Amino acid sequence: MKKVLGALLLGVTIVSAFIAYSMYTNHSAKQTAAIEQKQAAKKAEKKTEKKKKPVLKVEDLTYQLKDSRTGQVMKEFKPVHYKDKDIYDQEIKQLASELAKGIDTPMQNIKMDANGSLTGGSKQIILKEAELVKNLQNLNTKQLDVKVPIYETAPNVTAASAQGIADVSLASYSTRFRPSDTSRNRNVQLSAEAINNVVLGPGDSFSYNQTVGERTAERGYQPAPEIINKQLVMGIGGGICQTSSTLFNAIDGAGLQVTARSHHSKHVGYVPAGRDATVSWGGPDFKFTNNKDYPVIIKAYANVNTGVLTVDVRTSQRSI
């Protein structure tokens, strides 16, 4: 009987243990499955978040175009055509050109007054369009400020460097006009006065149109014949090209660097063929740079009695 009871008790124990083990393993399996499900769910969420997170693109951003001198915002720019190189390049070149029109200012040259003192003059301001285009071609999503490269250059002349500047002639050139042609002669005289006593330091640039200014009746300029499309027509300021052509021959003789010069459409009689320099307001200009390492002064005088226009480029004795 004891043996039977012992066997039964052992059996019950074994069954209980089996049931307990089964329950444990089932519970553990459920826990493991639950953990794996949670982990899988988290991974899925992360993938979803990555998919949902927007990818920044240059063409979707707005950039601040800032003045390189002051840091001030000049314009906001959205590069919507950034991926289309041809269209985008055309767009940013036009943008650079438009900005430059509102910025670029030619140098106003210093002049010497009757007392030998330097007067006037203002710096040249230039927006480097090619540099701005390059900056706009290399946009990124981390830097939204774009430098607009603007450079300023002041006239390179001081009172000390201009001492004795009219002592020595580097080159002189004269042309003739008819004393009887009073209207044209007045224009020659006014333009000669405008360029007279202009002082250029080393590296300084000169623009005839900028220096002489617009030729208008209010400023004293007279109607006189001028060459347009190979024809002689009446125009306010006719004759000023004789001054620019005489100036060209003088500065060319002095060895200064010509940077812009155009010929008339018809031969003029006051200089040899090919030695002229036509100008017009808003059109062709005559420009040059003082490529010497010393300053020079331009002397110009129109004698309306003798009909002689003379331009003389001079400097100090110690400079040569």
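Arg275 is partly exposed, with a relative accessibility of 27%. The model is predicted. Arg275 forms a salt bridge with Asp252, and the closest N and O atoms are 2.8 Å apart. Arg275 lies in the loop between β13 and β14, while Asp252 belongs to helix α6 (residues 240–254), so the salt bridge ties together parts 23 residues apart in sequence. Asp252 is also partly exposed, at 32% relative accessibility.

The loop between β13 (257–260) and β14 (287–289) also holds Asp285. Is Asp285 buried or exposed? Asp285 counts as buried because its relative accessible area is 13%, and the cut-off for buried is under 20%. Its contacts beyond four places in sequence are Ser207, Tyr208, Asn209, Ala260, Arg261 and Val279. Take Tyr208 from that list. The backbone nitrogen of Tyr208 lies 3.3 Å from a polar atom of the Asp285 side chain. Now take Ala260, another of the contacts. Asp285 and Ala260 are 25 residues apart along the chain, yet 6.6 Å separates their C-alpha atoms.

Next comes strand β1. This strand spans residues 63–67 and includes Asp67. Asp67 is buried, at 9% relative accessibility. Which residues does Asp67 touch, leaving out those up to four places away in sequence? They are Gln72, Met74, Val148 and Ile150. The side chain of Asp67 also joins that of Arg69 through a polar contact of 2.8 Å.

Lys66 lies in strand β1 as well. Lys66 pairs with Asp145 in a salt bridge, with 3.2 Å between the closest N and O atoms. This pair links distant parts of the chain: Asp145 sits in strand β6 (residues 145–148), 79 residues from Lys66. Both partners are partly exposed: Asp145 has a relative accessibility of 37%, and Lys66 has a relative accessible area of 24%. Asp67, by contrast, is buried.

Side chains of opposite charge can pair when their charged atoms come close. How many salt bridges does the structure hold? The count is 9. One of them joins Asp312 to Arg314, with the closest N and O atoms 2.5 Å apart. Asp312 is buried, at 11% relative accessibility. Salt bridges that share partners also build a network, whose members are Asp67, Arg69, Lys123 and Glu152. Asp67 and Arg69 thus appear here again, as members of one network, and their side chains make the polar contact of 2.8 Å.

Asn197 offers another polar pairing. Where does Asn197 lie? Its place is in the loop between α4 (182–195) and β9 (198–200). Asn197 is buried, with 15% relative accessibility. The side chain of Asn197 makes a polar contact of 2.6 Å with the side chain of Lys299. Lys299 is also listed among the residues that Asn197 touches, neighbours up to four places away being left out. The others on that list are Ile110, Lys111, Met112, Ile297 and Ile298.

Methods. Residues are numbered from 1 along each chain as its sequence is written. This is a predicted model: local features need pLDDT of at least 70, side-chain atom pairs count only at pLDDT 80 or more; totals for chains, interfaces and linings use all residues. Side-chain values use heavy atoms; hydrogens and water are left out. Helices (H or I, at least four residues) and strands (E, at least two) are DSSP runs, numbered from the N terminus. Buried means under 20% relative accessible area, exposed over 50%, partly exposed in between (1.4 Å probe, protein chains only). Contact means heavy atoms within 4.5 Å. A polar contact is a pair of N or O atoms within 3.5 Å; within protein, one must be able to donate a hydrogen and the other to accept it, and residues adjacent in sequence count only if both atoms are side-chain atoms. A salt bridge is a side-chain nitrogen of Lys or Arg within 4 Å of a carboxyl oxygen of Asp or Glu.
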